[in-house]
Amino acid sequence: MVLKFLLATVIAQVLMFASNVTAAPHIVDKPVLWNDYREQLTLEYAETHYGKSITTIEPRAVVVHWTAGPTWESAYYTFYDETRADGSGTVNVSSQFIVDRDGTIYRTMPENKLARHVIGYNWCAIGIENVGGEGNVKDLTDEQLQANIELIRYLHEKYPTIEYVFGHYQQVAARESGLYIEHVDGYYSIKADPGEIFMRGLREALEGEGLKFF
Ligand SMILES: [Zn+2]
């Protein structure tokens with residue numbers, strides 16, 4: 001009888017605990033090429049642009065993008081090689097996640113590796129690329145919105161140092177966070193991704209969870 005009571009108490013506590021923990025989203029690992037050369041180029045980028053000798057980050061922000069391309073593979077192969085296709089010999093662009101139009105989440109690098117996806121913030125920002133936005137058309141899907149909500153919740157729970165979520169187009173407004181660092185004069189590009197509608201959807205879903213939006 002006592003044993004039965006104890007068992008019931010334990011089950012009740014497990015259920016209570018489970019209801020407080022966010023279910024981790026399904027993530028498909030599909031790593032880009034990461035070798036000693038990419039590590040070295042990443043270090044050089046961090047030293048040049050941030051004055052920091054790092055290749056891993058303590059995440060403080062999540063930055064949301066669109067790929068401006070048609071498929072997840074086109075983004076993946078753009079990010080795959082170590083160096084940029086422009087012949088500059090610098091580390092290639094990348095982001096830790098790509099979310100396909102059906103909401104499938106691909107993790108293309110370790111979450112805390114420095115990725116080159118947003119000028120001024122790569123030293124502390126995890127990037128999520130969403131497939132879509134070709135020609136700046138705001139066409140991201142509901143499945144992508146849902147996947148981004150779950151992914152950001154998962155990241156915030158795993159890295160409590162994350163305080164901010166912003167879209168790439170909000171890069172100037174986000175300087176209010178104090179996180180912006182750029183040591184190279186005039187290094188800047190104007191962005192529209194991932195659009196206001198998508199960011200409003202994220203803000204409405206996540207704002208009450210201790211994250212700051214712009
Ligand atoms: Zn972007």
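**Close-up views of the sheet and its surroundings**

**View 1. V64 has G167 of strand β6 standing opposite.** In this predicted model, V64 belongs to strand β2, from which V62, V64 and W66 point one way while A61, V63 and H65 point the other way. The pairing of β2 with β6 is parallel and is made by four bridges, and within this pair of strands V62 stands opposite V165. Strand β6 is covered on both faces, with Y164 and F166 buried on one side and V165 and G167 buried on the other.

**View 2. Strand β2 (residues 61–66) is largely enclosed by the rest of the structure, because six of its six residues are buried.** The burial extends to both directions in which the side chains point, that is, to A61, V63 and H65 on the one hand and to V62, V64 and W66 on the other. Besides the four bridges that join it to β6, strand β2 has six bridges to β5, and these two strands also run parallel. In the pairing with β5, residue V63 has G127 as its bridge partner.

**View 3. Strand β5 (125–130) is likewise shown with its neighbours, and since six of its six residues are buried, it too is largely enclosed by the rest of the structure.** One side of β5 carries A125, G127 and E129 and the other I126, I128 and N130, so that both faces are covered and every one of these residues is buried. Three bridges link β5 to β3 in a parallel arrangement, and in this pairing I98 stands opposite E129, whereas the pairing of β5 with β2 is made by six bridges.

**View 4. The six strands form an open sheet in the order β1-β4-β3-β5-β2-β6, with mixed pairing.** Strands β1 (27–29) and β6 stand at the edges, and because each has a single partner strand, one side of each is left without a neighbour in the sheet. From one strand to the next, the twist averages 25°. Even at its position on the edge of the sheet, β6 has buried residues on both of its faces, among them F166 and V165.

**View 5. Helix α3 (residues 72–80) contributes the buried residues W72, A75, Y76 and F79.** Viewed along the axis of α3, these buried residues fall within an arc of 100°, and they therefore line one face of the helix. The cover over the buried residues of α3 includes three strands of the sheet, namely β3 (97–99), β4 (105–107) and β5 (125–130).

**View 6. A173 lies in the loop between β6 (164–167) and α5 (196–206).** This residue counts as exposed because 12 other C-beta atoms lie within 10 Å, where a count of 12 or fewer defines that class. The separation between the C-alpha atoms of A173 and F213 is 9.9 Å, although the two residues are 40 residues apart along the chain.

**View 7. The whole chain, with its five helices and six strands, is included for orientation.** Along the sequence the elements follow the pattern α-β-α-β-α-β-β-β-α-β-α. Of the 214 residues, 34% count as buried, and among contacts between residues at least 6 apart in sequence, 75% join residues at least 24 apart. The pLDDT of the chain averages 92, and 90% of the residues score at least 70. Residues 14–20 call for caution when this view is read, as their pLDDT stays under 50 and the model has zero contacts for them beyond four places in sequence.

Notes: Residues are numbered from 1 along each chain as its sequence is written. This is a predicted model: local features need pLDDT of at least 70, side-chain atom pairs count only at pLDDT 80 or more; totals for chains, interfaces and linings use all residues. A residue is buried if 20 or more other C-beta atoms lie within 10 Å of its own, exposed if 12 or fewer, and partly exposed in between; C-beta atoms are placed from the backbone. Two residues are in contact if their C-beta atoms, placed from the backbone, lie within 7 Å. The arc is that of the directions from the helix axis to the C-beta atoms. pLDDT is the predictor's confidence in each residue, from 0 to 100. Two strands pair if DSSP finds at least two bridges between them. Axes are lines fitted to C-alpha atoms, for helices over the stretch in contact, and angles run from 0 to 180 degrees between N-to-C directions.
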